[in-house]
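Q: Got a minute to go through this one with me? I'd like to start with a single site and then zoom out.

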Amino acid sequence: MSGAGKTTTSSWRAWLLDGLSEQTARHPGPHGELPEEHQGHRWWRVMCLTGVDYFSTLGYQPGIAALAAGLLSPLATVVLLALTLAGALPVYRRVAKESPHGEGSIAMLERLLPWWSGKIFVLVLLGFAATDFTITITLSAADAAAHAVENPYAPHFFEGGNIWITLVLVAALGAVFLKGFREAIGVAVVLVGIYLTLNVVVLCTAFAHVFGHTVVIDDWWRAMTAEHSSPLVMVGVALLVFPKLALGMSGFETGVAVMPQVRGADSDTYENPAGRIRDTRKLLTTAAVIMSCFLLLSSLATTLLIPQHEFESGGKANGRALAYLAHAYLGEGFGTVYDVSTICILWFAGASALAGLLNLVPRYLPRYGMAPEWTRAVRPLVLVFMAIAVGITLYFRASVDKQSGAYATGVLVLMLSASFASAAAARRSGHRKAAAGFALVTVVFAYTLVTNVVERPDGIKIALLFILAIVVFSFASRVHRAFELRTSEVTLDTEAQRLVDVAGTQGPLRIIANEPQEHTTVAYRAKEYSQREDTHIPGGGPVIFLEVFVRDSSEFDAPLVVRGDTKYGVRRLRVEGPTVPNTIAAVLLELRERTDEVPHVYFNWTEGDPVSHLLRFLVFGDGEVAPVTREVLRRAEPDLSRRPRVHVG
């Protein structure tokens, strides 16, 4: 390759890998963390950041409700609002208290499940979260395209161009993030303020028409009673179809995820952010009440004033019911302003979702050692998510109706996990009535999820693909990174320092790796004797026993605290770590730095099949310790003269 070609490749790689995951946390998306110098925002401003996702569903929710429930759409919406205000809202107010730093319900469940079961469960939930955020991007772009296509002032070549317009919007979103995306709350406040104001104008105009022509109410009631024999049947049907309206609850998980953006009180501490919790609860409650009012009024207005056939695929109200009313009752000029506002907020909802994805991956996977190296940079992740979004858009042919099921699946799984986690947290804290209430909400969400999956299985199929990809790539990365040091810090307590310093005055440290359990004086002496014989430890010099206790082998890394003592007539260093060989290697390197001499460590070979030992190391953190310790040291210290010596006998 020529010099110019190498330079170009190097520049491209540097640009692509610029912006590590530590920087992505500065994205003000749903999972963004604030830099230390940032003091946060007032809760109502942060509510607008949540609102670009939550409130933007007004662009398509009334149409989806009309398709799902027909003339019973207002009644089914009432059922949805009851679940929102009496179920989802209390659940997420609890989540805000239990997880005040933006981790959400996933972190609550992670704490409930130990060892590998907790990690695998989190990976599954991440798959559903990825489904939620990705479909937010594609569904919002598709609905924005629908508004553009149906606008009377749209160019003629827009006709039937939903797919390519959606792809252009998705590509524009990716381009913005590839260039760099920072401040969002100021833009969100403006977009939400304008959008909600326009919706108030549309709904007021619509109800003015309804009250001026009350015959539409009579016609609706006659048609509904002719279709359903009694009020009880109407309620029963509404209960059956309301799961299809679940998109109307899409903003709660985002609401708790943006908690780091909330300013809170001056007296807040990391351990007790009471002001942030209080203000986030205000955020959640205010957003839920506002959205509930809009959903109910929009459902009534669109059901009363729009012919049912217009909601069908290809109809003028499909995916844009309120825009239909804006054009019909306020003129094409106002309707166009409404379309532009809707397109902007829907596109920005995609931006919020993409920022959430970019912060969701670094929040969990690197901590588990389950993120490939390139996921530490923003731009490769943007390209991956954009490719997935393009594939989903083409698969669903930019259809809002077809994507709604997949979106609802992701939303409902997260809400189900939140209600279950809240029930468990309430039970653990002794609040039996609250635990029973959350358990009831969990049952309702489970029913809603199952109903949605049975009727619209596309969502679970996409979620399973996400889960499979996350699990496969995560465990492949974990295996690839298994031979890293896997610790951020090694600390010796006072007694450990004394033992090391004393032994270090007599030459290089001689460390015997020993089983982590209490031994008798005779056992320790026998171990020392056999090691001196088998591995030729120089006679007369002091030795120190190193014993590693594995408490949770599913953890990837952890700070190590080495404790020293003298017991049974021997010097001992004892430490807890996620794995035995990696911990030994990290301790040896720390001892080298303290004594400025290369230490020697002595092992016995372990009998057994090498493959089974490797699997034990990957799963349980032990296995054949000696060769793995040597490999970890080889990768951590390329300078052979500075590398701790490994002896096996």
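Q: Is Thr-84 buried or exposed?
A: Buried. This is a predicted model, and in it Thr-84 has a relative accessible area of 2%. The cut-off for buried is under 20%, so Thr-84 qualifies.

Q: Which helix is Thr-84 in?
A: Thr-84 sits in helix α5, which covers residues 73-98.

Q: And what does Thr-84 touch?
A: Leaving out residues up to four places away in sequence, Thr-84 contacts Tyr-54, Leu-89, Pro-90, Met-249, Phe-252, Ala-288 and Ser-292.

Q: OK, another site. Ala-476: where is that?
A: In helix α18, residues 458-480.

Q: How exposed is Ala-476?
A: Partly. Its relative accessible area is 46%. Exposed would need over 50%, so Ala-476 counts as partly exposed.

Q: What separates Ala-476 from Trp-164?
A: Along the chain, 312 residues. In space, their C-alpha atoms are 36 Å apart.

Q: Switching to helices. What's the story with α7?
A: Helix α7 runs over residues 115-150, so 36 residues by the helix assignment. From first C-alpha to last, α7 reaches 53 Å. That is close to the 52 Å expected at 1.5 Å a residue.

Q: Is α7 enclosed or open?
A: Largely enclosed by the rest of the structure, because 30 of its 36 residues are buried.

Q: Zoom out. How many helices and strands does the chain have?
A: The chain has 23 helices and seven strands.

Q: What about overall dimensions and burial?
A: The C-alpha trace spans about 105 × 70 × 50 Å along its principal axes. There are 649 residues, and 55% of them count as buried.

Q: How much accessible surface does the chain have?
A: About 27200 Å². Carbon and sulfur atoms account for 63% of that.

Q: What share of the contacts join residues at least 24 apart?
A: 81%, taken among contacts between residues at least 6 apart in sequence.

Q: Charges?
A: The chain carries 56 positive and 57 negative side chains. The centres of the two sets lie 3 Å apart.

Q: Last thing: what's the average pLDDT?
A: The chain averages 85, and 92% of the residues score at least 70. Over residues 20-38, though, the pLDDT is below 50. That stretch still has 62 contacts in the model beyond near neighbours in sequence.

Q: How should low-pLDDT coordinates be read?
A: Not in detail, where pLDDT is low.

Definitions and conventions:
Residues numbered from 1 in each chain as written. Predicted model: local features only at pLDDT ≥ 70, side-chain atom pairs only at ≥ 80, totals over all residues. Heavy atoms only, no water. Helix = DSSP H or I, 4+ residues; strand = E, 2+ residues; numbered from the N terminus. Buried < 20%, exposed > 50% of the residue type's maximum accessible area, 1.4 Å probe, protein only. Contact = heavy atoms within 4.5 Å. Areas by Shrake-Rupley, 256 points an atom, 1.4 Å probe, with all protein chains shown as cover. Lys, Arg positive; Asp, Glu negative; His and termini not counted. Charge placed at Lys NZ, Arg CZ, Asp CG, Glu CD. Expected span 1.5 Å × (residues − 1). pLDDT = per-residue confidence, 0-100.
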